[in-house]
Amino acid sequence: DGVPTRRITVKVNGENRTLDVEPRLLLAHMLRQGLKMTGTHTGCDTTNCGACTVLFDGRPIKSCTMLAVQADGHKVETVEGLATPSELHPIQEGFKQEHGLQCGYCTPGMMLAAKALLERNPNPTEDDVRWALSGNLCRCTGYQNIVKAVLWAADKMRAWSFRCGTEARDSRGDCLHCSSRRSCRSASGWCRWIRSEEHTSELRS
């Protein structure tokens, strides 16, 4: 009793969430305990392991050493925001296809660090991937399959040559590629219309 709290609003995975938090509460604990988003893991509490990595305004940060109040008015993306109920994000598919995980404890942080890399560099080299993931530790896989997983995802995402953003919508908000409204956007931001083989080949021609 008597501990002061502050009301904050954070956009988490695209949804505004308002909470009353103690000024000392860490962002990782707010996500795990306050919002029950337990995909954000905590390991070292010193920013060394990277298990707590989330995207903060699109940039990967270690949520175990950021206060929740610092996120007020900002956007946070966790691993729960990658997939939809019906489909995986290409990065998640890549980790599955290339066996990029064993125990899985580091995997959410690895995926989000990889997502930040591919959004700024859609055609990374192996060295680019290793550098982007250098702040995330894995004690199981030896990293090689993780690197392969990110490169696999990069290849798949480059094959989808259109993003369905505001520039690709008409005055009513309908997608110019598939004539759908917002529901045409997948978790990765790609228009679902271009996922079929017939349209993918058409877009590449």
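What covers the buried residues of helix 2? The cover includes helix 3 and helix 5. Keep in mind that this is a predicted model. A few notes from going through it follow.

1. **Helix 2, tucked in.** Six of the eight residues of helix 2 are buried, so this helix is largely enclosed by the rest of the structure. The buried ones are Pro90, Ile91, Gln92, Glu93, Gly94 and Phe95. If you step just past the end of helix 2, you meet histidine 99, which takes a positive phi of about 55 degrees.

2. **Helix 2 against helix 3.** Two packed helices are described by the angle between their axes and the distance between the axes. Here the axes of helix 2 (residues 90-97) and helix 3 (residues 107-120) come within 10 Å and cross at roughly 125 degrees. That makes helix 2 oblique to helix 3, and the crossing is right-handed.

3. **Who touches whom in that crossing.** Helix 2 brings Ile91, Gln92 and Phe95 to the contact, while helix 3 brings Thr107, Met110, Met111, Ala114, Lys115 and Leu118. Sorted by class, the contact has six nonpolar, two polar and one charged residues. Ile91, Gln92 and Phe95 also turn up among the buried residues of helix 2.

4. **Salt bridges overall.** Side chains of opposite charge can pair when their charged atoms come close. Searching the whole structure turns up eight salt bridges. Some of this pairing is a network rather than an isolated pair: Glu77, Lys115 and Glu119 are linked by salt bridges. Lys115 is worth a second look, as this residue of helix 3 is also part of the contact with helix 2.

5. **A bridge between distant parts of the sequence.** Aspartate 72 and arginine 6 pair through their side chains in a salt bridge, at 3.4 Å from N to O. Aspartate 72 sits in the loop between strand 4 (59-62) and strand 5 (75-77) and arginine 6 in strand 1 (residues 6-12), so the pair ties together parts that are 66 residues apart in sequence. Both ends are partly exposed: aspartate 72 has a relative accessible area of 28%, and arginine 6 comes out at 41%.

6. **A bridge within helix 4.** Glutamate 126 and arginine 130 form a salt bridge at 3.2 Å, N to O. They both belong to helix 4 (residues 126-132), where they are four residues apart, about one turn of the helix. An α-helix has 3.6 residues a turn, so residues three or four places apart point the same way. Relative accessibility is 35% for glutamate 126 and 33% for arginine 130, which puts glutamate 126 and arginine 130 in the partly exposed class.

7. **More on glutamate 126.** Which residues does glutamate 126 touch, not counting residues up to four places away in sequence? They are Gln144, Val147 and Leu151. Lysine 148 is 22 residues from glutamate 126 in sequence, yet the C-alpha to C-alpha distance between them is 8.2 Å.

8. **A bridge within helix 5.** The side chains of aspartate 155 and arginine 158 also meet in a salt bridge, with N to O at 2.4 Å. This pair is three residues apart in helix 5 (residues 144-159), a separation of about one helical turn. Aspartate 155 is partly exposed at 45% relative accessible area, and arginine 158 is partly exposed at 36%. Helix 5 is also one of the elements that cover the buried residues of helix 2, which brings us back to the opening question.

Technical notes
Residues are numbered from 1 along each chain as its sequence is written. This is a predicted model: local features need pLDDT of at least 70, side-chain atom pairs count only at pLDDT 80 or more; totals for chains, interfaces and linings use all residues. Side-chain values use heavy atoms; hydrogens and water are left out. A salt bridge is a side-chain nitrogen of Lys or Arg within 4 Å of a carboxyl oxygen of Asp or Glu. Helices (H or I, at least four residues) and strands (E, at least two) are DSSP runs, numbered from the N terminus. Buried means under 20% relative accessible area, exposed over 50%, partly exposed in between (1.4 Å probe, protein chains only). Axes are lines fitted to C-alpha atoms, for helices over the stretch in contact, and angles run from 0 to 180 degrees between N-to-C directions. Angles under 35 degrees count as roughly parallel, over 145 as roughly antiparallel, 65 to 115 as roughly perpendicular and the rest as oblique. A crossing is left-handed if the near helix is turned anticlockwise from the far one by less than a right angle, and right-handed if clockwise. Contact means heavy atoms within 4.5 Å. Ala, Val, Leu, Ile, Met, Phe, Trp, Tyr, Cys and Pro count as nonpolar, Asp, Glu, Lys and Arg as charged, and the others, Gly among them, as polar.
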